[in-house]
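Colleague: I am new to this model. Pick one part, take me through it closely, and then show me what surrounds it.

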Amino acid sequence: MTTPNCLGNHDHQSKELSQVLVLEPPPIMKLHGDQFLNDFQLLKAWESPLPLDQFLSIHAQSVKALLTPGRYPLTKNILQLIPSLQLVVTTSAGLNHIDLPEFQRRGIAIASAGDVYSEDVADMAVGLLIDVLRKISAADRYVRKGLWDTKAEFPLGSKLCSKRVGIVGLGSIGQEVAKRLQAFGCRIMYTSRNKKPFVSYPYYSNVLELAADSDVLIICCGLTEQTRHMINKDVMLALGKEGVVINIGRGAIIDEKELVQCLVQRELAGAGLDVFENEPHVPRELLTMDNVVLSPHRAVRTPESLTAMCEHVKGNLEAFFSNKPLLSPVMNI
Amino acid sequence: MESIGVLMLIPMNSYLEQELQRRYNLFKLWTAPQKPQFIKEHADSIRAVVGNAFAGADAELIEALPRLEIVSSFSVGVDKIDLAKCREKGIRVTYTPDVLTEDVADLAIGLMLAVLRRLCESDRYVRSGKWKKGDYKLTTKFTGKTVGIIGLGRIGMAIAKRAEAFNCPICYYSRTGKPDTEYKYYPSVLELASNCQILVVACSLTAETRHIVNREVMNALGPKGVLINIGRGPHIDEPELVSALVEGRLGGAGLDVYEHEPEVPEELFGLENVVLLPHVGTATVETRKAMADLVVGNLEAHFSNKPLLSPLV
């Protein structure tokens, strides 16, 4: 009997290797192939000609571990087809694709990306902020169009040092952003679900008050029911006409329609966005603005991060299959 | 009292013009149909010259202004001023250090991030609609890369401090080693370039530092190396830079300055591993105002016989 390709290459060894279900290929596979997971038998659902629910019913009944890159929503319906599931390992920085209460109810453990990506995402946030304030992308366009003339002045930018930076969400990413911007002389404040005990930055219990006291807001939190459209018109108006918003979280944390209006009506000075509500769609008004910088959701896409993520995924799977504590368990749901 | 004539060489800042106009008899050289004629006509009353990074008091101008007492530059770089001639004639020279240090250092890091993470290129990718057809490719991580700094003065140190927050190991080349710092010193730019991944020019332009980044240095920096220039265009051998980038011997470049501003080599326009800025190192509202106040403050101090605020000569 021939085994279909999607059940793995190690035919004679397949009984010894632990099975890991993969619904769609994570980016680490594009870079490293699946060599990094030589120690596991990958059940690659996307390579099967069968529709997903049939594939799962036939092949995934005893699967305990699932590896997900994060685009496919992991809902109750999927879970019903993987009754033995005990662990999900996600390579996405966010958890919004996972029905967390349902997972908790079923006692399924979740291994997150941990802080593998935090430096790259923080670098992107700082890069976008400097670009917006100093008009780097706009100036680069200007030069390439042949418009530079020493008599006509390119518009002045705004100084980064001593800007009041409000960080929304002081998790691993938020803390890396804060550490970097402090070195530029920025004044850091933050809001978070809970005040962080060993942090000296001023804490604000709500984002509206934080915005009122900030020149810049950097969105570093995850997308949940509570944070959806948390950055609304009131928050943006509180941030003010000189205010800048940087989003490296999830598009839906900001009310995108209101953001566009505020920018069009100059209620906000600028924005740097790596994420949008309906990717890859970007509101057309933004496409011609010089005071925004647009990035195609690439904050974590460096070879260095992908390689580190391979090791991290492997580490979590090995821990699980040898009954050891996960490297990056998601605790408070 | 006779009003003091101040010659401003090119437009640089309308707030500065305003403030000079209020206090002095301001002559705007760029408005003159015939510059030598204009200078001759007003030479008797011109006691101060205000220049910047693009235009300064060279030997010819100094000779044409017998009553010149002070040159106040709206810049920290003074390579356009004939300093030797000023010293010879007892002419004071002031510049604008410190107030612009942070802006220039911020821009240096901004350029590093923009080049390594392809911020300008991926912004273009979104605006052109390409994102709808497919994801943008991978870019290179900045955190942890070794940063080599040529010139560890005020600006070089400010760049180092910022890069350290990204866990970048710092090394440098300077005319003399700086014993107070813990950064690794290399006795030549070539050795520095061989041992870092991002090389940034942050020294002043002098006869010794012209073309300090040459073909050899760029080859040593290599196909994965990135060159950042926030100093002066002539620090880098520009034709060699262009061929190194076009041929892939150099990994990328972030440039704020060029040998013959505002000319930028057009071969660079098609490259996605370069970021090109129109000499905006100090171009923020806040810093230009601080620089203008310093220029005016220096002139006021001089003409009321008080100590200069930021003298160079």
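Modeller: What follows starts with one helix and its partners, then moves outward to the sheets and loops.

First, the ground rules. Residues are numbered from 1 along each chain as its sequence is written, chains are lettered from A and ligands numbered from 1 in the order written, and side-chain values use heavy atoms, without hydrogens or water. The model is predicted, so to speak of local features needs pLDDT of at least 70, side-chain atom pairs count only at pLDDT 80 or more, and totals for chains, interfaces and linings use all residues.

Confidence comes next. The model scores ipTM 0.95 and pTM 0.93. Chain B has a mean pLDDT (the predictor's confidence in each residue, from 0 to 100) of 96, with 99% of its residues at 70 or more. For chain A the mean is 91, and 93% of residues reach 70 or more. Residues 1–14 of chain A fall below 50 in pLDDT, and this stretch has 16 contacts in the model beyond near neighbours in sequence.

Now the close look: helix α5 of chain A, residues 118–134. Helices here are DSSP runs of H or I with at least four residues, strands are runs of E with at least two, and both are numbered from the N terminus. Within chain A, α5(A) packs on helix α7 (residues 172–183). Their axes lie 8 Å apart, at an angle of about 50°. Axes are lines fitted to C-alpha atoms, for helices over the stretch in contact, and angles run from 0 to 180 degrees between N-to-C directions. That angle makes α5(A) oblique to α7(A). Under 35 degrees counts as roughly parallel, over 145 as roughly antiparallel, 65 to 115 as roughly perpendicular, and the rest as oblique. The crossing of α5(A) and α7(A) is right-handed. A crossing has that hand if the near helix is turned clockwise from the far one by less than a right angle, and is left-handed if anticlockwise.

Which residues of α5(A) and α7(A) meet? From α5(A) come A:S118, A:E119, A:V121, A:A122, A:D123, A:A125, A:V126 and A:L129. From α7(A) come A:S172, A:I173, A:E176, A:V177, A:R180 and A:L181. Contact means heavy atoms within 4.5 Å. By class, this contact of α5(A) with α7(A) has 8 nonpolar, 2 polar and 4 charged residues. Ala, Val, Leu, Ile, Met, Phe, Trp, Tyr, Cys and Pro count as nonpolar, Asp, Glu, Lys and Arg as charged, and the others, Gly among them, as polar.

The helix α5(A) also meets chain B. Its axis comes within 9 Å of that of helix α5 (residues 101–116) of chain B, and the two cross at roughly 125°. That makes α5(A) oblique to α5(B). The crossing of α5(A) and α5(B) is left-handed. On the chain A side, A:D123, A:V126, A:G127, A:I130 and A:R134 make the contact. Chain B supplies B:D103, B:D106, B:L107, B:I109, B:G110 and B:L113. These residues of α5(A) and α5(B) divide into 5 nonpolar, 2 polar and 4 charged. A:D123 and A:V126 appear in both contacts of α5(A).

Go one step along chain A. A:K135 sits in the loop between α5 and α6 of chain A. Its phi is near 60°, a positive value in a residue other than glycine.

Then comes helix α6 (residues 136–144) of chain A, whose axis passes within 9 Å of that of helix α6 (residues 119–127) of chain B, crossing at roughly 80°. The helices α6(A) and α6(B) are therefore roughly perpendicular. A:I136, A:S137, A:D140, A:R141 and A:R144 face B:L119, B:C120, B:D123, B:R124 and B:R127 in this contact. The classes for α6(A) with α6(B) are 3 nonpolar, 1 polar and 6 charged.

Next, the sheets. Chain A has an open sheet of 5 parallel strands, ordered β2-β1-β3-β4-β5. Two strands pair if DSSP finds at least two bridges between them. Its edge strands are β2 (40–44) and β5 (109–111) of chain A, each paired on one side only. Chain B has 5 strands in an open parallel sheet, in the order β2-β1-β3-β4-β5. Its edges are β2 (25–28) and β5 (92–94) of chain B; each has a single partner strand, so one side of each lacks a neighbour in the sheet.

Last, two loops. The peptide bond from A:E279 to A:P280 is cis, with omega near 0°. A:P280 lies in the loop between β11 (270–273) and β12 (292–294) of chain A. In chain B, a cis peptide bond joins B:E261 and B:P262, with omega about 5°. B:P262 lies in the loop between β11 (252–255) and β12 (274–276) of chain B.
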